[in-house]
Amino acid sequence: MGPASLIVLTLAAVTFSVIAILLSRIVLKASWNPQKGQAYECGIPTTGQTWIQFNVGYYLFALIFLIFDVELIFLYPWAVVVRQVGWPALVEILIFFFILFIGFLYAHKKGALKWS
Amino acid sequence: MQHMWNFAQLTDLIHGWLYETFPPAWALAFEMIIVGIAVIGLFAGLGLVLVLMERKVSAFMQIRLGPNRVGPKGLMQSLADTLKLLVKEGMTPDGVDRFLFNLAPFIAMIAAMLLMAPIAFAKDFQIWDLNIGVLYVTAISSLNVIAILMAGWSSNNKYSLLGAMRSGAQIVSYELSAGLSILTVVVLTGSLQISDIVTAQSNGWWIFKGHIPVLIAFVIYMIAVTAETNRAPFDMAEAESELTGGFHTEYSGMKFALFFLAEYINVFIVCAIGATLFLGGWMPLHIGEWTAFNGIMDWIPSSVWFFGKTFFLIFLMMWFRWTFPRLRIDQLLNLEWRYLLPIGMVNILLVTVIAILKWHF
């Protein structure tokens, strides 16, 4: 099958999930009491809001990830043709890696990859 | 005997019969429905089998018996668990972002289901053999992180939020290593199409033909996908002793079951891709020009080869779980950024040299 399979698979996933959830809705016996809806945290009532700003500490990784992910995308077409192109392709990718590596070293030196 | 296992003939037969009996539009619709039902069946079946396998393997590793009461040798255990989950109430706690909270399990399921498309389950038996199969897999598998972040953020629970953040950092980091090791096989094959990659291994699997660099790539791939599917020893996202349940703390009932199912399907899919790229997918064990040996190996049906290899890799991942202690989050990120990524980059250059010099067999 062609691209239509994407639609079929998406519909299959949605149908499966909806049927599962509906089935449990029909079967289950729901009950309610005021404590049931509380967040499952420590047993005592939670303090403060959840959706606050806090120091994620992962954002630098996210930034570096973005650079390397784009690099990966560039590598895909290169990987397909590298056997036909031969040595020039290797030299080009070495230059590409070298530039990236300098950036990586800079990030490393700045301590971006260090957990603190 | 052999034609019985030939799925290509079976699908052709159904295809031909449908188009003879019904007008084309109806035949197409029926075909789609058949594919949809087959995939849902595979999905549910795999979920049941993998959960049982996980429990049996853990029991085996710990010299226990594992589930052995429900059905013969406990084979019906996961079915019973599913029934139990079905009658559990799927609550929505107060103060959650209802829309995102309910949407997240659907996204997880859709991402897992879409990944089924390019996988070659047997010879000529594939839902969609698209020419960028490997790229498609990498692209769709990163959708999973959206579902996890969505679930963690919308739950209005601090543990969920922290778990989701950790999981996000972990998945995106390890995606790079997985991508680089996938690329080694692409360099050797010169194609992104799954069927081309499998055909290229008809005189031996890449893990044997590609010398040590492909072996390194395979090891890196297994580590990276273990991290990507949030499995121990990289299960920071749901480290029970720290974050209760991680991103799915607030989920219960069927929505939790959907997350659980999607997680196991993801394990199956990454192992299937690993088996396809490095261990030849449905290709039987062939050694170069040994025609007699290859002929004997061809007698084992291709689907048996595929599922055998995939389940071997799944077993390997379960083995990891009971062998290594859980990493700390800083150790986890160090492992990726200081070791796996640089090794992967050097490795791909080595593979390029091998491919250009045609040193591989």
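The following exchange goes through a predicted model of two chains, A and B, and asks how its descriptions are reached.

Reader: What makes chain A more spread out than a compact globule?

Author: Chain A has 3 helices and 0 strands, in the order α-α-α along the sequence. Its radius of gyration is 25 Å, whereas the globule rule gives 13 Å for 116 residues, and because the value is well over the rule, chain A is described as more spread out than a compact globule. The box filled by its C-alpha atoms, taken along the principal axes, is roughly 70 × 50 × 15 Å, and buried residues make up 16% of the 116 residues.

Reader: How do you know that the radius of gyration of chain B agrees with a compact globule?

Author: For 361 residues the rule leads one to expect a radius of gyration near 21 Å, and chain B has 21 Å, so the two agree. Chain B comes to 15 helices and 2 strands, its C-alpha atoms fill a box of roughly 65 × 60 × 45 Å along the principal axes, and buried residues make up 50% of its 361 residues. Of the contacts in chain B with a separation of 6 or more, 78% are between residues 24 or more positions apart.

Reader: Which elements of chain A form the side that touches chain B, and what is the class of the residues there?

Author: The contact takes 48 residues from chain A and 60 residues from chain B. On the side of chain A, the elements giving two or more residues are α1 (4-27), α2 (59-85) and α3 (87-109), and α1(A) gives the most, with 17 residues. By class, this side has 35 nonpolar, 9 polar and 4 charged residues.

Reader: Which residues touch the most other members of the largest nonpolar core, and what does B:M109 touch?

Author: In that core of 124 residues, B:M109 and B:M113 touch the most other members. Leaving out residues up to four places away in sequence, B:M109 touches A:A13, A:F16 and A:S17 of chain A, together with B:L258 and B:A262 of chain B.

Reader: Why is B:V351 called buried or exposed?

Author: The cut-off for a buried residue is 20 or more other C-beta atoms within 10 Å, and B:V351 has 27, so it is called buried. B:V351 lies in helix α15 (residues 329-357) of chain B, and, not counting residues up to four places away in sequence, it touches B:T184, B:V187, B:L188, B:G210, B:P213 and B:V214. With B:G210 the separation is 141 residues in sequence but 7.9 Å in space, C-alpha to C-alpha.

Reader: How do you know that α15(B) bends, and what is its reach?

Author: The helix bends by about 35 degrees at B:L340, and a proline, B:P342, follows within four residues. From first C-alpha to last, the 29 residues of α15(B) reach 41 Å, close to the 42 Å expected at 1.5 Å a residue. After the helix comes B:K358, whose phi is positive, near 55 degrees.

Reader: What makes the phi of B:I63 and of B:N230 worth a remark?

Author: Most residues other than glycine have a negative phi. B:I63, although not a glycine, has a positive phi of about 50 degrees, and B:N230, also not a glycine, has a positive phi of about 60 degrees. The place of B:I63 is in the loop between α2 (24-61) and α3 (77-86) of chain B, while B:N230 is found in the loop between α10 (211-228) and α11 (240-243) of chain B.

Reader: Is each of these two residues buried or exposed, and how do you know?

Author: A residue counts as exposed at 12 or fewer other C-beta atoms within 10 Å and as buried at 20 or more. B:I63 has 6, so it is exposed, whereas B:N230 has 23, so it is buried.

Reader: Why is α6(B) described as mostly covered?

Author: The description of helix α6 (residues 144-154) of chain B rests on a count, in which 8 of its 11 residues are buried. Among them are B:N144, B:I148, B:M150 and B:W153. The buried residues of α6(B) pack against α4 (98-114), α5 (133-141), α7 (158-189) and α12 (253-278) of chain B. The helix is followed by B:N156, whose phi is positive, near 55 degrees.

Technical notes. Residues are numbered from 1 along each chain as its sequence is written. Chains are lettered from A and ligands numbered from 1 in the order in which they are written. This is a predicted model: local features need pLDDT of at least 70, side-chain atom pairs count only at pLDDT 80 or more; totals for chains, interfaces and linings use all residues. The radius of gyration is taken over C-alpha atoms; the globule rule is 2.2 Å times the number of residues to the power 0.38. Two residues are in contact if their C-beta atoms, placed from the backbone, lie within 7 Å. Ala, Val, Leu, Ile, Met, Phe, Trp, Tyr, Cys and Pro count as nonpolar, Asp, Glu, Lys and Arg as charged, and the others, Gly among them, as polar. A nonpolar core is a set of buried Ala, Val, Leu, Ile, Met, Phe, Trp, Tyr and Cys residues joined through C-beta atoms within 7 Å. The expected span of a helix is 1.5 Å times one less than its number of residues. The bend at a residue is the angle between axes fitted to the seven residues ending there and the seven starting there.
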